[in-house]
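Hello, and thanks for sharing this one. Below are my notes, as numbered points, for you to read alongside the model.

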2 protein chains.
Amino acid sequence: MNLNFDVESFTKDFENCCNKVQKKTFEKNEVIMSYIQKREQFCILISGNADLVRYDLNGNRTIIDHFTTNDIFGEVFYYVTTNNELLVEAKSKCEVLIYSYQNIHHKCKQNCKFHQKLIEYLPELILNKVTDLNMRVELLTKRSTRDKLLGYFNLLSTRTLSKTFKLPFSLTDLADYLSVDRSAMMRELKLLKEENFIKKDGKFITLLYK
Amino acid sequence: MNLNFDVESFTKDFENCCNKVQKKTFEKNEVIMSYIQKREQFCILISGNADLVRYDLNGNRTIIDHFTTNDIFGEVFYYVTTNNELLVEAKSKCEVLIYSYQNIHHKCKQNCKFHQKLIEYLPELILNKVTDLNMRVELLTKRSTRDKLLGYFNLLSTRTLSKTFKLPFSLTDLADYLSVDRSAMMRELKLLKEENFIKKDGKFITLLYK
DNA sequence: GTTTTTCTGTTGCAAAAGCAACAAAGTAAA
DNA sequence: TTTACTTTGTTGCTTTTGCAACAGAAAAAC
């Protein structure tokens, strides 16, 4: 969920106006944000990468979303309905801009450019979220681990316009993203290799079919 | 995904202006809309109910969404990324308003109220969609049929503010919605009854725990 | 009010997925 | 560079899920 305007100039804008913005640094595995209650806040990731995860009562971890540089996240993009806590966890050292607002949809009193741009881009950002979520639902509704894997690989292949691509996750995290058991997923990956559906070299996957 | 303004007066508005609107009737099981390509069109369901479904290559049917009176649907709410065809199927006789637009986000030349209201409500409608999708992802990431069922029941219980509620689906459709095998789901339902987690009388479910 | 179709409920069996545990490889930290 | 930690790869065993098939109940169509 990437902002396609320049975050640097953007930063200057709000420094001149909306003083409720902080720049913070998080170490690996620190919690950047918790969605347990609706805090009027969102974040832009300046550097590093982080995951939006949920832990259920059985201790299963699910990766809901994955953020990299310039991605934006916050409750407004989720409208959380869940009982479970959602956490944004830093996967590496992260620099984050944290913006607290009274009402994201309306202009601030100072009428700063930050807000203007945000309101302008918000519908687009939210539509991107819808696209992501639809894609996610499509993957998750696949009945078998094999179909989930192939579905995800197809997606990456389509995105990169290449039969070979690099997984953005560790295999452990990929299992949490596809919501399957890691060992079962590894077994399925082995079968896919043996049956010549894919080639795998570390995090690089090549599709061999079609 | 419900419009919370009066569809009747709304209808008169665009009859006076945007002439690209049709009212159509569909019989049960007819396809109201296909999302295979991005047609610039959306629909409002005046009466009846319909499902947004996807059939995958293995013939599995998945119910993505369920529409009732005054619900609105169309590609703009999905931004389809899939290879599979999405279909809106009438579950009963349906009356539908079909609106073709050049650009949903911009005013039409005649500047009619229809468009005005639509543009006004669109962000809200899309945010509702995000909420639905998040809820859906939450359900689908549950690892077992049992957890999916209980998760869904909890949701209905929370919505109706009652331990007893009526399933909006047939059990067959519920299985397609939760993306599990129907017979496995029936087995799990039986176990849940036997273990006194739930009581079931036709489509009425009562939660017995907590 | 009878027929036809769909939905519910059930089961045996086969296949898939999850669990637990561990070793080896890779990566980060001291 | 040694140590600690994380990730990958693997496997035996158990549990869950899916498949296929069928009978009875309920609903819809005639």
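**Notes on the protein–DNA model**

1. DNA strand D is surrounded by 19 residues, and the closest are Leu171(A), Lys190(A), Thr145(B), Asp181(B) and Ser183(B). A residue counts as near a strand if one of its heavy atoms lies within 4 Å of it. Sugar or phosphate holds 51% of the atoms of DNA strand D within 4 Å of the protein, and the rest belong to bases.

2. Before going further, a word on conventions: this is a predicted model, in which local features need pLDDT of at least 70 and side-chain atom pairs count only at pLDDT 80 or more, while totals for chains, interfaces and linings use all residues. Residues are numbered from 1 along each chain as its sequence is written, chains are lettered from A and ligands numbered from 1 in the order in which they are written, and side-chain values use heavy atoms, with hydrogens and water left out.

3. Which atoms of DNA strand D do Leu171(A) and Ser183(B) approach? A polar backbone atom of Leu171(A) is 2.9 Å from a phosphate oxygen of the strand, whereas an N or O atom in the side chain of Ser183(B) is 2.9 Å from a base nitrogen. A phosphate oxygen of DNA strand D also has a polar side-chain atom of Glu188(B) at 3.5 Å. Helix H4 (171-178) and H5 of chain A, together with H5 of chain B, are the elements that give two or more residues to this surface. Helices here (H or I, at least four residues) and strands (E, at least two) are DSSP runs, numbered from the N terminus.

4. The surface near DNA strand D divides into four nonpolar, six polar and nine charged residues. In this scheme Ala, Val, Leu, Ile, Met, Phe, Trp, Tyr, Cys and Pro count as nonpolar, Asp, Glu, Lys and Arg as charged, and the others, Gly among them, as polar.

5. Turning to the other strand, 20 residues surround DNA strand C, and the closest are Ser144(A), Thr145(A), Asp181(A), Leu171(B) and Lys190(B). Of the atoms of DNA strand C that come within 4 Å of the protein, sugar and phosphate account for 50%. Its surrounding residues comprise four nonpolar, six polar and ten charged. At least two residues come from each of helix H5 (182-194) of chain A, helix H4 (171-178) of chain B and helix H5 (182-194) of chain B.

6. Chain B places several side chains by DNA strand C. An N or O atom in the side chain of Arg182(B) is 3.1 Å from a base oxygen, and a polar side-chain atom of Arg187(B) lies 3.5 Å from a base oxygen. For Lys200(B), the partner of its side-chain N or O atom is a phosphate oxygen, at 3.0 Å.

7. Helix H3 (residues 145-160) of chain A has 16 residues and reaches 23 Å from its first C-alpha to its last, close to the 22 Å expected at 1.5 Å a residue; the expected span is 1.5 Å times one less than the number of residues. Buried residues in H3(A) include Thr145(A), Leu149(A), Tyr152(A), Phe153(A) and Leu156(A). Buried means under 20% relative accessible area, exposed over 50%, and partly exposed in between (1.4 Å probe, protein chains only). Just after H3(A), Leu161(A) takes a positive phi of about 55 degrees.

8. There are ten aromatic pairs over all chains. Tyr152(B) and Tyr177(B) form a tilted one, 5.5 Å centre to centre with 55 degrees between the planes. Tyr152(B) lies in helix H3 (residues 145-160) of chain B and Tyr177(B) in helix H4 of chain B, so the pair ties together parts that are 25 residues apart in sequence. Rings of Phe, Tyr and Trp (its six-membered ring) pair if their centres lie within 6.5 Å; planes under 30 degrees apart count as stacked, over 60 as edge-to-face and the rest as tilted.

9. Are these two tyrosines of chain B, Tyr152(B) and Tyr177(B), buried or exposed? Tyr152(B) counts as buried at 4% relative accessibility, and Tyr177(B) is buried at 8%. The charged end of Arg136(B) sits over the ring of Tyr177(B), 4.1 Å from its centre. A charge sits over a ring if NZ of Lys or CZ of Arg is within 6 Å of the ring centre and within 35 degrees of the ring normal.

10. A last contact to look at is in chain A, where Asp65(A) lies in strand E5 (residues 61-67). Asp65(A) is buried, with a relative accessible area of 14%, and its side chain makes a polar contact with the side chain of Lys129(A) at 2.3 Å. A polar contact is a pair of N or O atoms within 3.5 Å; within protein, one must be able to donate a hydrogen and the other to accept it, and residues adjacent in sequence count only if both atoms are side-chain atoms.
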